[in-house]
Amino acid sequence: MQATPAETAYLAVTGLVKYFGDDRAVDEVSFAVARAKLLTLLGPSGCGKTTTLMCIAGLHRFDVGEIAVGGVPYSSPARGVFVPPEKRDIGMVFQSYAIWPHMTVTENVAYPLSIRKLDPAEIAERVDAALRLVGLQEFAGKLATQLSGGQQQRAALARAIVFRPKLLLFDEPLSNLDLKLREQMRTEIKRIQREVGITSVYVTHDQAEALVMSDEIIVMSKGRIEQRGSAHDIYARPVNRYVSNFIGVANLLEGRVLRVTAPGRGEIEVSHDGRGVVVPCLLGEGIAEGDSALLCVRPENVKALPQPNGDPHIEGEITHTIFLGNCIDCRVRWGSFEWKVLAHPREMLARGDRVYLYPDPKHSRAVRP
Ligand SMILES: Nc1ncnc2c1ncn2[C@@H]1O[C@H](COP(=O)(O)OP(=O)(O)O)[C@@H](O)[C@H]1O
Ligand SMILES: [Mg+2]
């Protein structure tokens, strides 16, 4: 087997389809990961994340598509190619710690090297380096069962990287840890992945984890890709209701695009309970004049003023304020719609006040329903 030199797509998944019986668990999924980058598959339980990972690892065979690493086809049903899992050179870290309880930390981490029959001196050196990297050198002689959950996950990570695999696959590795440890481990795993530079696919249902760790995020739903992009892209430019709601908080109002005023810009008319307003906004991809669309505005992109300033606005009543120091989290009633607004702490906004809302045209988008 020969690797190709040009590898902008080090891992390439093309048109992956996987059935369980009549269910399409993975439905035409394609993506590529550049060398040393970390891509996250983000989505709710049951959307096909684990199945995709298992197909990459060769632990599932699939029906249609192709998976290649470094230009080498690993699975391709059409071409009759299937590299068995143990020949794929892939490290994995799962939700369950999956390290062996009857072995010491050193023995656990050395295992992938022992079965590859490396020289004992080299094994010792590499295990030591891996334990140092994950901060477990003091625990080398302990039994796996003597470690905390977080330490066991570090040991699992050391074991996954010690043989310098071509790919690292993570399946919700932090789900069993408590919040504080989870937050700490996010940045730890990211640091380690960057340091060792192993191309990685990371699976999670936790948006915060995805935002912190990823070079790129794929948002999935029901076996399909809804959107792919950097954390910033997906937060700032969600393509539809599903993605807007899955990452961050958004005000979403149904409306119709009245006009296109410039390429990618226009006006949307939104109405609710007989109240209507025309809001200048950006137009999401494929949104044209006359289309039904959703206005999507993040709470930090709505200005709330105690007096109208002459521009078109939404007049509502403040039903709720929480002072958070650096901002005020407000809820504003507009008919039966409740706007979520993060206002500047200087604004004197109080429950029961009338308030005038101005969605920022540069950060308001008409998106697909
Ligand atoms: N071994 C299996 N046999 C039958 N159905 C499965 C199997 N594994 C997963 N599925 C189904 O495939 C879909 C995707 O599951 P999965 O990939 O585990 O989702 P996720 O990891 O995103 O939670 C679900 O509907 C699930 O019930
Ligand atoms: Mg899963």
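# A walk through the model, starting at His272

Select His272 to begin: this residue is partly exposed, with a relative accessible area of 22%. A residue has to be under 20% to be called buried, so at 22% His272 falls in the partly exposed class. Keep in mind as you click around that this is a predicted model.

**Around His272**

Colour strand S13, residues 265-272, and you'll find His272 in that strand. Now show what touches His272. Skipping the neighbours within four places in sequence, its contacts are Leu253, Trp334, Ser336 and Phe337. Next, draw a distance line from the C-alpha of His272 to the C-alpha of Leu252: the two are 11 Å apart in space and 20 residues apart in sequence.

**Zoom out**

Time to see the whole chain. How many helices and strands does the protein chain have? There are 8 helices and 21 strands. Turn the C-alpha trace about and you'll see that it spans about 80 × 50 × 40 Å along its principal axes.

Try two colours now, one for domain 1 (11-236) and one for domain 2 (249-367). The C-alpha centres of these two domains lie 40 Å apart.

The chain has 369 residues, and 49% of them count as buried. Take the contacts in the chain with a separation of 6 or more: 66% of them are between residues 24 or more positions apart.

**Two stops in loops**

Select Asp353, in the loop between strand S19 (337-343) and strand S20 (354-359). Is Asp353 buried or partly exposed? Its relative accessible area is 31%, so it is partly exposed. Leaving out neighbours within four places in sequence, Asp353 touches Gly316, Glu317, Ile318 and Met348. Add His320 to the view as well: its C-alpha is 10.0 Å from that of Asp353, and the two residues are 33 apart along the chain.

Now hop to Ala288, in the loop between strand S14 (275-283) and strand S15 (292-297). Ala288 is partly exposed too, with a relative accessible area of 35%. From here, stretch a line over to Arg154. The C-alpha atoms of Ala288 and Arg154 are separated by 50 Å, with their positions 134 residues apart along the chain. Follow that line to its other end, since Arg154 belongs to the next stop.

**Helices H4 and H5**

Show helix H5 (residues 179-196) next to H4; they pack at an angle of about 15°, with their axes 12 Å apart. That angle makes H4 roughly parallel to H5. Their crossing is right-handed.

To see where they touch, show side chains. On the H4 side, pick Gly150, Gln153, Arg154, Leu157 and Ile161; on the H5 side, pick Leu181, Gln184, Met185, Glu188, Ile189, Ile192 and Val196. By class, this contact has 7 nonpolar, 3 polar and 2 charged residues.

**Helices H2 and H4**

Keep H4 (residues 149-161) on screen and bring in helix H2 (residues 105-114): the pair packs at an angle of about 20°, with axes 8 Å apart. So H2 is roughly parallel to H4. H2 also passes H4 in a right-handed crossing.

Which residues meet here? From H2 come Asn108, Val109 and Pro112, and from H4 come Ala155, Ala158 and Arg159. The residues of this contact divide into 4 nonpolar, 1 polar and 1 charged.

**Helix H1**

Go to helix H1, residues 49-57, and switch on its surface. H1 is mostly covered, with 8 of its 9 residues buried. The buried ones are Lys49, Thr51, Thr52, Leu53, Met54, Cys55, Ile56 and Ala57. Step past the end of H1 and you land on Gly58, which has a positive phi, near 80°.

**Last stops: two more positive phi angles**

Glu28 is not a glycine, yet its phi is positive, about 65°. You'll find Glu28 in strand S2 (residues 23-33).

Finish at Lys222, another residue other than glycine with a positive phi, this time near 50°. It is in the loop between strand S10 (216-221) and strand S11 (224-229). Is Lys222 buried or exposed? With a relative accessible area of 72%, Lys222 is exposed.

Technical notes: Residues are numbered from 1 along each chain as its sequence is written. Chains are lettered from A and ligands numbered from 1 in the order in which they are written. This is a predicted model: local features need pLDDT of at least 70, side-chain atom pairs count only at pLDDT 80 or more; totals for chains, interfaces and linings use all residues. Side-chain values use heavy atoms; hydrogens and water are left out. Axes are lines fitted to C-alpha atoms, for helices over the stretch in contact, and angles run from 0 to 180 degrees between N-to-C directions. Helices (H or I, at least four residues) and strands (E, at least two) are DSSP runs, numbered from the N terminus. Angles under 35 degrees count as roughly parallel, over 145 as roughly antiparallel, 65 to 115 as roughly perpendicular and the rest as oblique. A crossing is left-handed if the near helix is turned anticlockwise from the far one by less than a right angle, and right-handed if clockwise. Contact means heavy atoms within 4.5 Å. Ala, Val, Leu, Ile, Met, Phe, Trp, Tyr, Cys and Pro count as nonpolar, Asp, Glu, Lys and Arg as charged, and the others, Gly among them, as polar. Domain bounds come from an automatic or database domain assignment. Buried means under 20% relative accessible area, exposed over 50%, partly exposed in between (1.4 Å probe, protein chains only).
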